[in-house]
Each structure stands twice: as structure tokens, then as C-alpha cells.
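Reader: Hi! I have a new model open on my screen and would love a hand reading it. Can we walk through it together?

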Amino acid sequence: MPPLSALSLDLSALQRRPVFTSDVRVDSHDLVAREFSDHGLKWCSGVVDTSLSKVRIRQLQLFMLQYGAEVEIRPRPFDDFVLVHLSLSGVAEMVSDGVPLRLPAGAAALIAPRRNLHMRWEEGARQLILKVPCQLLRTWAPQLLVGDTTFAHPLLPLSAVQGQQWHFLMQSLLHVSQQAVESTAHARWVDHMESNVALFLAACAQGGVVAPTAAPAGDEHVMGSVTGGDVRRLDKLDAYMRSRLCAPLALDDLARAAGVSVRGLNILCQRHHGESPMTLLRNMRLDAVRTRLRERPGHCVTDAALEFGFGHLGRFSSYYRERFGELPSQTAGS
């Protein structure tokens with residue numbers, strides 16, 4: 001049996017359907033968020049060379065995404081779809097509710113919704129991503145669920161054999177996406193293929209879950225284990241900060257809200273977010289300012305900065321440019 005890396009996919013259908021290409025960080029973040037969910041995006045090393053392509057079958061959407069540079073991605077929990085990632089090149093590392101997984105080229109895994117997810121894509125990584133509506137899985141693959149809404153596994157890695165079969169399923173979907181025939185028989189065939197995707201994922205889950213790989217040594221700040229108690233503390237911290245974006249807050253206030261010591265809060269935020277609690281708060285406030293300026297073109301930058309707790313306008317502009325790659329006045333004028 002040939003290794004997964006030896007299995008090639010005909011991606012011409014996706015290559016003919018670009019959503020966008022960009023070398024601008026801000027555009028890359030915004031345009032990807034429109035297709036998936038809002039997320040934090042930290043640019044690490046390498047040159048920004050983002051491209052996103054997309055084909056729609058019926059209920060399913062298939063994407064090919066690359067950032068060019070090494071990135072860290074922290075999506076806000078999504079709830080109406082699951083994602084199945086197939087690594088086309090490079091390595092994607094992820095942790096979901098404390099479960100870590102390393103996805104090298106050729107490997108595939110299902111990412112469940114409503115989870116605390118953090119990913120790191122190495123420079124040059126490219127992913128083929130299938131977006132599957134939860135309703136399709138509830139209909140055809142209830143085995144994946146506990147109750148009606150909760151998925152049994154935060155991350156479901158596919159074995160080597162399952163991964164090869166997934167390659168073939170994706171190739172079939174790509175071929176179907178190029179067929180414009182909409183006869184009754186064709187529509188029924190597409191419905192059949194979509195149900196097969198759901199049934200295949202259910203079969204993978206019932207066949208046993210491959211043990212996720214441990215985090216590489218030295219990457220604890222990205223891939224460290226996050227317990228259920230940690231998740232609850234992080235959720236409390238997030239809700240507290242979002243409800244007080246305009247209020248003066250000290251580190252002690254954040255620690256009390258999360259129910260931990262100051263030292264414990266620093267460790268928790270570094271482990272999960274890769275940054276200090278106060279930096280996390282500052283970035284949340286910067287995001288709020290940017291949303292305000294984009295929603296109200298021409299809005300006074302000073303008013304927006306003061307509204308969300310930035311009293312020193314010089315430092316505010318510096319932080320803003322570092323995070324978004326442009327000055328706040330450029331956002332307000334767009």
C-alpha cells in the first residue's frame with residue numbers, strides 16, 4: 001500500500017475557483033473569517049501568501065487554504081458545522097479541549113464544533129478542508145454525537161487506511177463539483193455521496209480512535225494540555241473581559257474573575273493563548289476598536305480608542321498597527 005504522500009489529488013476544480021489571494025494580513029484574516037468563523041490569527045515567521053479556493057457540492061463545501069507564513073489560529077467556538085482537515089503539505093498542529101494532534105502531509109482529522117480549539121500551521125502548510133453541516137451528521141451519523149448536540153470526540157484522527165479512503169472521497173467530490181447537470185437522478189446521486197461522507201465519518205469513529213500524538217518538546221505554550229477546569233476558567237475570563245472592555249482592569253481583577261491566582265492565570269493564558277492575560281485583554285480591546293471603525297466609516301479614532309480603554313493614543317496607534325498591519329486612521333477611512 002503506497003504512503004499517503006504518494007496519493008495525488010486532482011485539485012484543478014479548486015484552482016479554478018479562487019475566493020481570494022492576498023499578501024495583506026488584515027485582508028487574509030477577514031476573508032477567511034467570512035467562510036468559517038471569527039478567529040484570532042497570529043502571524044509568526046515567513047512571508048504572507050494567503051490563498052483560499054472553494055467549491056460547493058450541495059450541503060458540503062470544500063476549501064483549499066494556505067497562509068504561506070507560519071500562523072497560530074484560535075477560532076471562536078463554532079456550532080453548526082464540523083471541519084475535516086486533510087493536510088496537503090506541511091504540518092498543522094492542533095489542540096482541542098486539551099486533546100493534541102499533529103497532522104503531517106497526507107493525514108486527515110475531523111474537528112468537532114463547540115470546542116476550545118488552537119492550531120499552529122507551519123510555514124508553507126496547505127490544507128484541504130471539508131465543511132460539513134451538523135444537520136447532515138445528525139441525520140446520517142448520530143453515532144458521532146452524545147445526545148443531539150455534543151460530539152463524542154473533540155478531534156477524530158483518521159488512520160492511514162481511513163486517510164486513503166478519505167482521499168478518494170474528496171477526489172469524487174471534486175469531480176462532482178464540476179458537473180453542472182441538475183437532473184433528478186444527478187441530484188439524488190449527489191445526495192447519496194453526501195450521506196456517504198457522513199456515514200464514512202461515523203464508521204471511522206466506531207472503528208476506534210487513533211491515539212493523538214503528544215506535543216513536541218518545547219511547544220508547551222501552544223500544545224500544552226488544557227483540562228476541563230481550565231476551559232471553564234478561560235470561558236469565565238473571556239466573558240468577564242468582554243463585558244468590561246471599557247472599564248479599567250488590573251491583573252488581580254482578571255485572576256479573581258477566572259478563579260485562580262495571578263501566577264495561575266499567567267500560566268493558563270501562556271499555555272492556551274501564548275500570551276499574557278493583559279496582552280489578551282489589550283488585543284480584545286483592539287479588535288473591538290477595529291470593529292467599531294469598520295462598522296462606522298469616518299468615526300473618530302480618538303473617541304473609539306477612549307471608548308475601549310486606551311488612554312495613551314500614541315501607544316494605542318503602535319499596538320493597533322502591530323496587530324493589524326495598518327494605522328487606525330486607515331481603517332476609519334476605508
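Author: Happy to! Of the protein's 334 residues, 50% count as buried. Keep in mind that this is a predicted model.

Reader: Good to know. How many helices and strands does the protein have?

Author: The secondary structure comes to 13 helices and 14 strands.

Reader: And what does the accessible surface come to?

Author: About 15,200 Å², and 51% of that belongs to carbon and sulfur atoms. As for contacts, take those between residues at least 6 apart in sequence: 72% of them join residues at least 24 apart.

Reader: Let's go to the strands. What is the order in the open sheet of 5 strands?

Author: The order is E2-E5-E10-E7-E8, and the pairing is antiparallel. Strand E2 (39–43) and strand E8 (99–103) are at the edges with a single partner strand each, so each has one side without a neighbour in the sheet. From one strand to the next, the twist averages 15°.

Reader: How many bridges join E7 to E8?

Author: There are 5 bridges between strand E7 (residues 92–96) and E8, and the two run antiparallel. If you want a spot to click on, Met94 stands opposite Leu101 in E8.

Reader: I'm curious about Ser96. Where is it placed, and is it buried or exposed?

Author: Ser96 is in strand E7. Ser96 is buried, with a relative accessible area of 0%.

Reader: Which residues is Ser96 in contact with, leaving aside its neighbours within four places in sequence?

Author: With those neighbours set aside, Ser96 is in contact with Arg115, Asn116, Leu117, Pro154 and Leu155. Leu155 turns up again in another pairing: Ile111 stands opposite Leu155 in E14.

Reader: Nice link. Which strands does E9 pair with?

Author: Strand E6 (residues 81–89) is joined to E9 by 4 bridges, running antiparallel. Strand E14 (residues 155–157) also pairs with E9 in the antiparallel sense, over 3 bridges. Ile111 has a bridge partner in E6 as well, namely Leu83.

Reader: What about the faces of strand E9, are they covered or open?

Author: Both faces of strand E9 (residues 108–111) are covered. Ala108 and Leu110 lie on one side, Ala109 and Ile111 on the other, and all are buried.

Reader: Switching topic: how many aromatic pairs are there in the whole structure?

Author: A search of the whole structure finds 8 aromatic pairs. One of them is Trp43 with Tyr67, an edge-to-face pair at 5.7 Å centre to centre, with 80° between the planes.

Reader: What does the pair of Trp43 and Tyr67 tie together?

Author: Trp43 lies in strand E2, while Tyr67 is in the loop between strand E4 (61–66) and strand E5 (71–75), so the pair ties together parts that are 24 residues apart in sequence. Trp43 is buried at a relative accessible area of 12%, and Tyr67 is buried too, at 2%.

Reader: Got a stacked one to show me?

Author: Sure, try Trp166 and Phe200: their pair is stacked, 5.8 Å centre to centre, with 25° between the planes. Trp166 belongs to helix H4 (residues 160–177) and Phe200 to helix H5 (residues 184–206), so this pair ties together parts 34 residues apart in sequence. Trp166 is buried, with a relative accessible area of 0%, and Phe200 counts as buried at 13%.

Reader: Which residues do ring pairs link into a cluster?

Author: Phe310, Phe316, Tyr320 and Phe324. Arg290 lies over the face of Phe324, at 5.0 Å from the ring centre.

Reader: Where does the charged end of Arg282 sit?

Author: Over the ring of Tyr319, 3.8 Å from its centre.

Reader: One last stop. What can you tell me about Val176?

Author: Val176 is found in helix H4 and is buried, with a relative accessible area of 7%. Leaving aside its neighbours within four places in sequence, Val176 is in contact with Ile57, Trp189, Val190 and Met193.

Reader: And how far apart are Val176 and His186?

Author: They are 10 residues apart in sequence and 9.6 Å apart in space, C-alpha to C-alpha.

Reader: Great, thanks for the tour!

Definitions and conventions
Residues are numbered from 1 along each chain as its sequence is written. This is a predicted model: local features need pLDDT of at least 70, side-chain atom pairs count only at pLDDT 80 or more; totals for chains, interfaces and linings use all residues. Side-chain values use heavy atoms; hydrogens and water are left out. Two strands pair if DSSP finds at least two bridges between them. Axes are lines fitted to C-alpha atoms, for helices over the stretch in contact, and angles run from 0 to 180 degrees between N-to-C directions. Rings of Phe, Tyr and Trp (its six-membered ring) pair if their centres lie within 6.5 Å; planes under 30 degrees apart count as stacked, over 60 as edge-to-face and the rest as tilted. Buried means under 20% relative accessible area, exposed over 50%, partly exposed in between (1.4 Å probe, protein chains only). A charge sits over a ring if NZ of Lys or CZ of Arg is within 6 Å of the ring centre and within 35 degrees of the ring normal. Contact means heavy atoms within 4.5 Å. Accessible areas come from the Shrake-Rupley method with a 1.4 Å probe; for residues, only the protein chains shown count as cover.
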